[in-house]
Amino acid sequence: MIMLDSVDYRVLYHLMRQGRMTWADLAGVLSLSSPAAADRVRRLEERGVITGYAAAIAPELVGLDLLAFIFVTLEHPRHCETFVERIQAMEDVQECHHLAGEDDYMLKVRCRHTRHLEQVISHHIKGIPGVVRTRTAIALSTIKETTRLPLELDGGTP
């Protein structure tokens, strides 16, 4: 774990909530100068704590109405490297988690409709060497979805 001070945690807290803050706005909530705030962010980026920036997009408004979780079982651990390489290249897969338990991996997939999902499962995922089984759960609705981490701040104030 990388050592972070309370100002670093406050930087992360605010940027997770408003990634497009200006240096002046960030400096204001941190009680720092704009160059000092920018330097804090730069150091967090260099240390790999901040890994990137992205726009949060409403999937259904861009035609990706279907959210599915696909559980994958591999025949043997020797297939893991190839599986991970192929999954990394698939745009439809938003997340891939290696699991303990009955299944080996859980994939979070966004698709346009069920025919699109069928293509992803039947032609792409099941075509990966070593995949012996998949189970799919389709989300009917999403109650909460976030990229924010539950950071604990000193004193509980941002």
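Q: How far does α1 reach from its first C-alpha to its last?
A: Helix α1 has 12 residues, helices being DSSP runs of H or I of at least four residues and strands runs of E of at least two, numbered from the N terminus. The expected span, 1.5 Å times one less than the number of residues, is 16 Å here. The reach of α1 is close to that expectation, at 17 Å.

Q: Which pLDDT do local features need in this predicted model?
A: Residues are numbered from 1 along each chain as its sequence is written, and side-chain values use heavy atoms, with hydrogens and water left out. The model is predicted: totals for chains, interfaces and linings use all residues, side-chain atom pairs count only at pLDDT 80 or more, and local features need a pLDDT of at least 70.

Q: Which residue caps the N-terminal end of α1?
A: The cap is a polar contact, a pair of N or O atoms within 3.5 Å; within protein one must be able to donate a hydrogen and the other to accept it, and residues adjacent in sequence count only if both atoms are side-chain atoms. Here the backbone nitrogen of valine 7 has a side-chain oxygen 3.1 Å away. That oxygen belongs to aspartate 5.

Q: Which helices are included in what covers the buried residues of α1?
A: Val7, Asp8, Arg10, Val11, Leu12, His14 and Leu15 are buried in α1 (buried: under 20% relative accessible area; exposed: over 50%; partly exposed: in between; 1.4 Å probe, protein chains only). Their cover includes α2 (23–30) and α3.

Q: Is aspartate 8 buried or exposed?
A: Aspartate 8 belongs to helix α1, residues 6–17. Beyond its neighbours within four places in sequence, it is in contact (heavy atoms within 4.5 Å) with Arg40, Leu44 and Arg47. Its relative accessible area is 6%, so aspartate 8 is buried.

Q: Which residue forms a salt bridge with aspartate 8?
A: A salt bridge is a side-chain nitrogen of Lys or Arg within 4 Å of a carboxyl oxygen of Asp or Glu, and the structure holds 11 of them. In this one the closest N and O atoms are 2.9 Å apart, and the pair links distant parts of the chain, helix α3 and helix α1, 32 residues apart. The partner from α3 counts as buried at 15% relative accessibility. The residue is arginine 40.

Q: How far apart in space are arginine 43 and aspartate 8, C-alpha to C-alpha?
A: Arginine 43 also lies in helix α3 and is partly exposed, with a relative accessible area of 37%. In sequence, arginine 43 and aspartate 8 are 35 residues apart. In space, their C-alpha atoms are separated by 9.4 Å.

Q: Which residue meets arginine 135 in a salt bridge?
A: The N to O distance of this bridge is 2.4 Å. Arginine 135 is in strand β4 and its partner in the loop between β2 (93–98) and β3 (105–111), so the bridge ties together parts that are 32 residues apart in sequence. Arginine 135 is partly exposed at 37%, whereas the partner counts as buried at 6%. That partner is aspartate 103.

Q: Is threonine 134 buried or exposed?
A: Threonine 134 has its place in strand β4, residues 131–138. Not counting residues up to four places away in sequence, threonine 134 touches Ile70, Phe71, Val72, Ile121, Ile125 and Lys126. With a relative accessible area of 17%, threonine 134 is buried.

Q: Which residue forms a salt bridge with glutamate 145?
A: The closest N and O atoms are 2.8 Å apart, and the pair links the segment after β4 with strand β3, 35 residues away. Glutamate 145 is partly exposed, with a relative accessible area of 41%. Its partner counts as buried at 9% relative accessibility; this is arginine 110.

Q: Is serine 31 buried or exposed?
A: Serine 31 is found in the loop between α2 and α3. Its phi is near 60 degrees, a positive value in a residue other than glycine. Most residues other than glycine have a negative phi. At 64% relative accessibility, serine 31 counts as exposed.

Q: Is leucine 61 buried or exposed?
A: Leucine 61 lies in the loop between α3 (34–46) and β1 (66–74). The relative accessible area of this residue is 72%, so leucine 61 is exposed.
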